[in-house]
Amino acid sequence: MFRVVSGFSFECQERFSKSIWEEFHRCFDCLPLAAIVQKKIFCINVWSPLVHNLDTIRSLDRPCDISGQGGLLGSLTAFFEEGISYCEFVGRGNLVYGPGGVTEFLDRHELQMMCCSDMVVREGFLVSAHH
């Protein structure tokens, strides 16, 4: 989903062809969903407090189309919002999470920082939840 919303799909198809976009899509389906850097930093495209532990992510077979994993696509498309304490559904069922959700997840897994693609900003990245 992020691949389409971010404009990457449009750019591939506009500059090259739909077949190039489809090849990228197949490659993305093979990549890991998350990584832990130096046992301290949890990196993931988008995260949600509905994913309670790392085993949930580890248990997914790759390659796979993330949209084909039942409710997991919805679980992995939450967005950070500073004004939310833990997590809540807003608007048309969009899940947003706040510092409490991040802190609890990091503490549970003895991690120091979370880096999500939705925290990327023009100047580098957004540091949230005091991590």
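Visitor: In β6, which residue is the bridge partner of Phe42?

Guide: In this predicted model, the bridge partner of Phe42 in β6 is Met114.

Visitor: What makes β2 and strand β6 a pair?

Guide: Two strands pair if there are at least two bridges between them. β2 and β6 (residues 113-116) are joined by 4 bridges, so they meet that condition. The two strands run parallel.

Visitor: How do you know that strand β1 and β2 pair as well?

Guide: The same reasoning applies, because at least two bridges are required. Strand β1 (residues 34-37) pairs with β2 over 4 bridges, in the antiparallel sense. Opposite Phe42 in β2 stands Ile36. The two strands form a hairpin with 3 residues between them, and Gln38 in the turn has a positive phi of about 50°.

Visitor: Why is Phe42 called buried?

Guide: Buried means under 20% relative accessible area. Phe42 has 1% relative accessibility, and therefore counts as buried. Along β2 the side chains alternate: Phe42 and Ile44 point to one face and are buried, whereas Ile41 and Cys43 point to the other and are not.

Visitor: Why is the aromatic pair of Phe42 and Phe105 called tilted?

Guide: Ring centres must lie within 6.5 Å, and planes that are neither under 30 degrees nor over 60 apart count as tilted. For Phe42 and Phe105 the values are 5.1 Å centre to centre and 50° between the planes, so the pair is tilted. The pair links distant parts of the chain: Phe42 lies in strand β2 (residues 41-44) and Phe105 in helix α6 (residues 99-108), 63 residues apart.

Visitor: Why does Phe105 count as buried?

Guide: The cut-off is under 20%; Phe105 has 1% relative accessibility and so counts as buried.

Note on methods: Residues numbered from 1 in each chain as written. Predicted model: local features only at pLDDT ≥ 70, side-chain atom pairs only at ≥ 80, totals over all residues. Heavy atoms only, no water. Phe/Tyr/Trp six-rings, centres within 6.5 Å; stacked < 30°, edge-to-face > 60°. Buried < 20%, exposed > 50% of the residue type's maximum accessible area, 1.4 Å probe, protein only.
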